[in-house]
Each structure stands twice: as structure tokens, then as C-alpha cells.
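Thanks for coming. I will go through one model, starting from a single residue and working outwards. Here it is on the screen.

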Amino acid sequence: MIDTTQATSGADDRARPTPLPPLRPGLRLGGVVSFVWRPRPVIVTLVAALGAFLFFCLSIRLGDYPLSFTQVLETLVGRGDPLARFLVTDGRLPRALMAVIVGAALAMSGAIVQSISHNPLASPDILGISSGAGVLAVFILTTGGVASNITRYGTPAMALIGGLVTGAIVYALAARGGMDGFRLILIGVAVNALMHALITWMMVRSDITQAGQAQTWLVGSLADRTWDQVTGTGVLAAIAAIVALGAAFSLRAVQLGDDVAQGLGVGLGRTRAVLLIAAVVLAAASVAGAGPIAFVAFVSPQVTMRLAGVSAPPLITSACVGAFLLSGADLIARTLLPVSLPVGIVTAAVGGPFLVYLLVRQNLRSSR
């Protein structure tokens, strides 16, 4: 005898549509701007920003004449005794502020390049932008300072020009026949090798004193930063960051793939050009302010992705993580090591093993 109740129930189950997974809650501002609420990236952003501020205050507090946190905070808001104001305003604040600016700018630049190229190994270092900035800076330093007398900012200004010109060359060569992420990386690696060869040739031809000065600059350091350098780097980085954040929605579409981006009505050529120009300006301004500090642009977006649990690095979160990492590295270089070292040595010591880890992980994934 057939159980008609069960037969009817089975037919109803087959006819019932499969329930869709719950949608993420959204935030809407004025009916024009809307966001998807993701708690984890927001928490990572807040923690990284708080950590960067903590390192910022520690960098100001520690020194030959230590200050208390209360003195640091009072001085930052315009109060405090004259000695604390002198130590903070004229001595330690430019270096701490430059660490935050350069770290955030390099991380945002790396996040843009990695998103556009769809390659986690891409960064301004790999594309030759930092090396291009180094070519003109080393030229200034190895010509006996003649060219640097043209302006007080000879080395930073020439580093900025070198980075922008190199970025324009890489983009012009990679954009022929349509932008392709793999071709962008290959051309960037070739240009990077050429710039390194030029730097080596100039240093070999210079005397030992000039070569030493050039090598010190090429390591990347935040020591002895001035307010003029902080202002110049900060203004350029802020303008480029605003442009990049204005194109953040288009960048998110590009991260999903070219077909999806075109389906959403995003102009790929225009979007990539705007974002790459912003990334080049961010990297060039950072190199002009502190020298070519290695691996921050490469490591920060990858750390952000793993902490936030996302498939592509978000710009603001990457910037906060970059500021946190570089401020921490500068604090280690200043206070924890037996002798004070340029911050570029600390970032290279940490970033090198992380690069090896990523390469090994990619090889294991591709061999499966």
C-alpha cells in the first residue's frame, strides 16, 4: 500500500525553492551612497589605526630625554611646557608623522597595483617605480652636490620626478594594445632591472664618499626629517589618496574581473589609468620623503587580506596597516636594536621572509 502522505510531502519538498543565503546587511547614506556591512574589516581598520597611533605616541615619547604620555598628548593638542614643545615639535614629531604618511601611502599604492594586476607579488618596488626614483636621486648625490644646489629639495624633488617618469614609461609600454596585468608585471621587472643597473653604474663611477651617501639614501631612512619634507610628502600623498578613494567603487569592480567590471559599466582603460597614476604618485612621494623603503607596499596589502578575511585588499584598511607596520618598524630600528639603524633594513629583514613564504605557498598551490 502506498503512503500518499509521504508521496505528497516529497513532491512539496521538490517544488519548494531552495532558500537563498541571507544577504549581508547594508548601510545607506542619504539614498545615494550605500555600503555592505562587514564587521571584520572594520574591526581590523580600527585596531590598526589605534596601533599606529600608539606607535606614533611611543616614537615621540622615547628618546634621550623621555617624556610621559601625558606630556606627549598635551603637546599634541597645543599645550605642554616649553621643553616638551621643543622636543616634540622640532625634534620627534616630523619623523613620527613621516612614518605614518609613508607607511599609509606605500600600502595604498601596493593595494592598487596588486588589485589591478591581480597578482599578489606586484608592488611599486617590483614595477621599478622606487628604482626609477633612486636613479635621479643617486645622480644628484654622485655629482658632487652641484645639481642639488639648484634647490633645497634637490634629492627629494628629483626622486619624485624619477618615480613619476618611470611610472609613465611602464604604463605606456604596458598599455599598448590594452592593459594586461601579467604584461604590466613583466615590463615592470625589466624596467626595474634597467634602473638598478643604472644605479650600480653611477655608484661605481663615483668616489667612496659619494657612493656611501647614495647607499645610505637607497636603504631608506626616516631620520632627520624636516617639516618641509613632511609637508611636501603629505600634500602629494593626500591628493593621490583622495583620487584613489574616489575611484574605489570602480577598483572593487576591477578586482572582480574584467568581464564583471565591463558588465557593471566600468570603463577599464580610464579606471586603470586613473588608479595607476594615483599609485605612482603615492609611491613616488613616499620615496621622495624617506627613500626607497622596501617591502612595505608589498607586505601591507597581503597582511590586510589575511587579517580582514577578504579576497582583495581594501584601500583604507591597507593604509592603516601600512602606517602601523612602518611606525612599528621605525620604533624597533630606533629603540630595540643595539644601534640605531635605517628603517629600511628592518622592513627588508621582515619582508624578505614573507616574500619567500608567499612564493612557496603559490608554488604548492599550483602543484596541486
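**Starting from S221**

Not counting neighbours within four places in sequence, S221 is in contact with A290, P342 and V343, where contact means heavy atoms within 4.5 Å. Before I go on, the conventions: this is a predicted model, in which local features need pLDDT of at least 70 and side-chain atom pairs count only at pLDDT 80 or more, while totals for chains, interfaces and linings use all residues. Residues are numbered from 1 along each chain as its sequence is written, and side-chain values use heavy atoms, with hydrogens and water left out.

Back to S221, which sits in the loop between α8 (208–219) and α9 (227–246). Helices here are DSSP runs of H or I with at least four residues, strands are runs of E with at least two, and both are numbered from the N terminus. Is S221 buried or exposed? S221 has a relative accessible area of 16%, so it is buried; buried means under 20%, exposed over 50%, and partly exposed in between, with a 1.4 Å probe and protein chains only. Its side chain reaches the backbone nitrogen of A223 at 3.2 Å.

Next, L218, in helix α8. L218 is buried as well, at 18% relative accessible area. Leaving out residues up to four places away in sequence, L218 is in contact with G134, V138, I199, M203 and P292. L218 and V287 are 69 residues apart along the chain, and their C-alpha atoms are separated by 9.4 Å.

That brings us to α12. How far apart are the end C-alpha atoms of helix α12? They are 33 Å apart, which agrees with the 33 Å that its 23 residues, 268–290, should span at 1.5 Å a residue; the expected span is 1.5 Å times one less than the number of residues. Of those 23 residues, 19 are buried. Just after α12, G291 takes a positive phi of about 85 degrees.

L160, in helix α6 (residues 154–174), counts as buried at 18% relative accessibility. Beyond four places in sequence, L160 touches L236, A284, A285 and A288. Its C-alpha atom is 8.8 Å from that of A283, a residue 123 places away in sequence.

Now the core. A nonpolar core is a set of buried Ala, Val, Leu, Ile, Met, Phe, Trp, Tyr and Cys residues joined through side-chain atoms within 4.5 Å. The largest one has 65 residues, of which M108, I112 and I293 touch the most other members. The largest share of this core, 12 residues, comes from α12. Outside its neighbours within four places, I112 is in contact with A244, L275, A279, L282 and L315. Apart from this core lies another, of 10 residues, including A84, L87, V88 and L93.

There are 3 aromatic pairs. One of them, F55 with F324, is stacked, at 5.0 Å centre to centre and 25 degrees between the planes. Ring centres of Phe, Tyr and Trp (its six-membered ring) must lie within 6.5 Å to pair; planes under 30 degrees apart count as stacked, over 60 as edge-to-face, the rest as tilted. F55 lies in helix α2 (residues 39–61) and F324 in helix α14 (residues 315–336), so the pair ties together parts 269 residues apart in sequence. F324 is partly exposed, at 30%.

Finally, the whole chain. It has 15 helices and 2 strands, and 44% of its 368 residues count as buried. Among contacts between residues at least 6 apart in sequence, 73% join residues at least 24 apart.

Notes: Polar contact = N/O pair within 3.5 Å; in protein donor to acceptor, adjacent residues only side chain to side chain.
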